[in-house]
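Colleague: I would like to learn how to read a protein model, one feature at a time. Where do we start?

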Amino acid sequence: MMLMNSSAAQQFDYRWSSVQQINKVKVPKKLWPWLITQDSLTARLKSLGTLTVDVLDDVWSTPTARERKRLKLRPREAARIRTVLLKIDGKAVIYARSIIPARSLKGHWRQVKYLKDKPLGGYLFRHKGLSRSCIEVTQLPKRLFPNQPNALWARRSVFHQFGPGILVNEAFFNEINQLKTPFGLL
C-alpha cells in the first residue's frame with residue numbers, strides 16, 4: 001500500500017522547469033532516462049514485468065491554477081481528473097495525475113473516459129497524429145509521499161490531438177530505481 005498525503009498529491013501544484021534547466025547531477029542516475037524519455041512509459045514498464053494500474057480517482061473536477069494555465073483552460077472549465085498508481089509485479093513505481101479537459105474528449109479520445117484500469121499512455125501512443133509538448137520536471141516535496149525516503153522527481157507534458165490536449169503528470173517512486181533499466185547502458 002502506497003501511503004500519500006492525498007490532498008497535496010492530488011494537486012501537483014509546483015514549479016516546473018524544462019529538462020534543459022534541471023541540474024542533471026541532482027537527479028539519481030538511473031532515474032534520469034525515465035524523466036526525459038519521449039517514449040511511452042507504459043511500453044517501457046511492460047518490458048520489465050506485469051504492469052497493473054490501480055485507479056485512485058477518475059472524476060470530473062477542477063484543475064489547479066497551474067494546470068489550467070498549462071492547458072490554457074478558462075476558469076471553472078470542466079476537466080476529468082484521473083489519478084492512478086502504475087505497478088510492476090505488484091510494486092508501485094509511478095503515481096500519475098492526468099487532466100483531461102471536456103473539450104479534448106473528441107474523436108477517438110472520447111474513449112479515454114472508459115479506460116478503467118487500462119493505462120492512459122498505452123492508449124494515447126496507439127494513435128497517429130499525436131504530438132507532445134516539451135517535458136517539464138520538478139522535485140516534489142517529501143511531505144507528498146511520507147513513506148518515501150526522499151523527495152520525488154516528477155515530470156509533466158501535454159499530449160495534443162484534440163482541444164487543449166491532455167496534461168499528464170508522473171511522479172517516480174524510489175522503487176523504480178530498483179528495476180532493471182529498459183534504456184540500455186547508462
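**Reading one strand and its surroundings**

Modeller: We start with Arg-155, which is buried, with a relative accessible area of 1%. Keep in mind that this is a predicted model.

Colleague: Which cut-off makes a residue buried?

Modeller: Buried means under 20% relative accessible area. Arg-155, at 1%, therefore counts as buried.

Colleague: In which strand does Arg-155 lie?

Modeller: Arg-155 belongs to strand E7, residues 153–160. That strand is mostly covered, with 7 of its 8 residues buried.

Colleague: What does the side chain of Arg-155 reach?

Modeller: One partner is the backbone oxygen of Trp-34, at 3.3 Å. Another is Glu-170, whose side chain makes a polar contact of 2.7 Å with that of Arg-155.

Colleague: How should I read the pairing of strands around E7?

Modeller: The general idea first: in a regular strand, side chains alternate between the two faces of the sheet. In this model, E7 and E8 pair in the antiparallel sense over 7 bridges. Arg-155 has Glu-170 as its bridge partner in E8, and the side chains of these two residues also make the polar contact of 2.7 Å.

Colleague: How many bridges join E6 to E7, and how many join E5 to E7?

Modeller: E6 and E7 run antiparallel and are joined by 4 bridges; here Val-137 stands opposite Arg-155. E5 and E7 are also antiparallel, with 2 bridges, and Arg-132 has Phe-159 as its bridge partner in E7.

Colleague: What takes a positive phi in the hairpin of E7 and E8?

Modeller: Gly-163 does, with a phi near 55°. The hairpin has 5 residues between the strands.

Colleague: Phe-159 has a ring. How is a pair of rings described?

Modeller: A pair of aromatic rings is described by the distance of the centres and the angle of the planes. The structure holds 5 aromatic pairs. One of them is edge-to-face and joins Phe-125 and Phe-159, at 5.6 Å centre to centre and 80° between the planes.

Colleague: Which parts does that pair tie together?

Modeller: Phe-125 is in the loop between helix H5 (120–124) and strand E5 (131–132), while Phe-159 is in strand E7, so the pair ties together parts that are 34 residues apart in sequence. Phe-125 is partly exposed, at 33% relative accessibility, whereas Phe-159 is buried, at 3%.

Colleague: Can you show me another pair?

Modeller: Take Phe-145 and Phe-173: their ring centres are 5.2 Å apart and their planes are at 80°, so this pair is edge-to-face. Phe-145 sits in the loop between strand E6 (136–139) and E7, and Phe-173 in the segment after strand E8 (166–172), 28 residues apart. Phe-145 is buried at 1% relative accessibility, and Phe-173 is buried at 0%. Together with Tyr-95, these two form one aromatic cluster.

Colleague: Is Arg-44 buried or exposed?

Modeller: Arg-44 is in helix H3 and counts as buried, at 19% relative accessibility. A polar atom of its side chain lies 2.7 Å from the backbone oxygen of Pro-182. Leaving aside neighbours within four places in sequence, Arg-44 is in contact with Trp-34, Thr-37, Asp-39, Pro-182 and Phe-183.

Colleague: Trp-34 has come up twice. Where does Trp-34 belong in the nonpolar core?

Modeller: The largest nonpolar core has 25 residues, and Trp-34 is among the members that touch the most others, as are Leu-45 and Phe-172. Helix H2 (32–36) and helix H3 (41–46) are among the elements that give two or more residues to this core. Apart from it lies another core, of 12 residues, including Tyr-14, Tyr-95, Leu-144 and Ala-171.

Methods
Residues are numbered from 1 along each chain as its sequence is written. This is a predicted model: local features need pLDDT of at least 70, side-chain atom pairs count only at pLDDT 80 or more; totals for chains, interfaces and linings use all residues. Side-chain values use heavy atoms; hydrogens and water are left out. A nonpolar core is a set of buried Ala, Val, Leu, Ile, Met, Phe, Trp, Tyr and Cys residues joined through side-chain atoms within 4.5 Å. Buried means under 20% relative accessible area, exposed over 50%, partly exposed in between (1.4 Å probe, protein chains only). A polar contact is a pair of N or O atoms within 3.5 Å; within protein, one must be able to donate a hydrogen and the other to accept it, and residues adjacent in sequence count only if both atoms are side-chain atoms. Contact means heavy atoms within 4.5 Å. Rings of Phe, Tyr and Trp (its six-membered ring) pair if their centres lie within 6.5 Å; planes under 30 degrees apart count as stacked, over 60 as edge-to-face and the rest as tilted. Two strands pair if DSSP finds at least two bridges between them.
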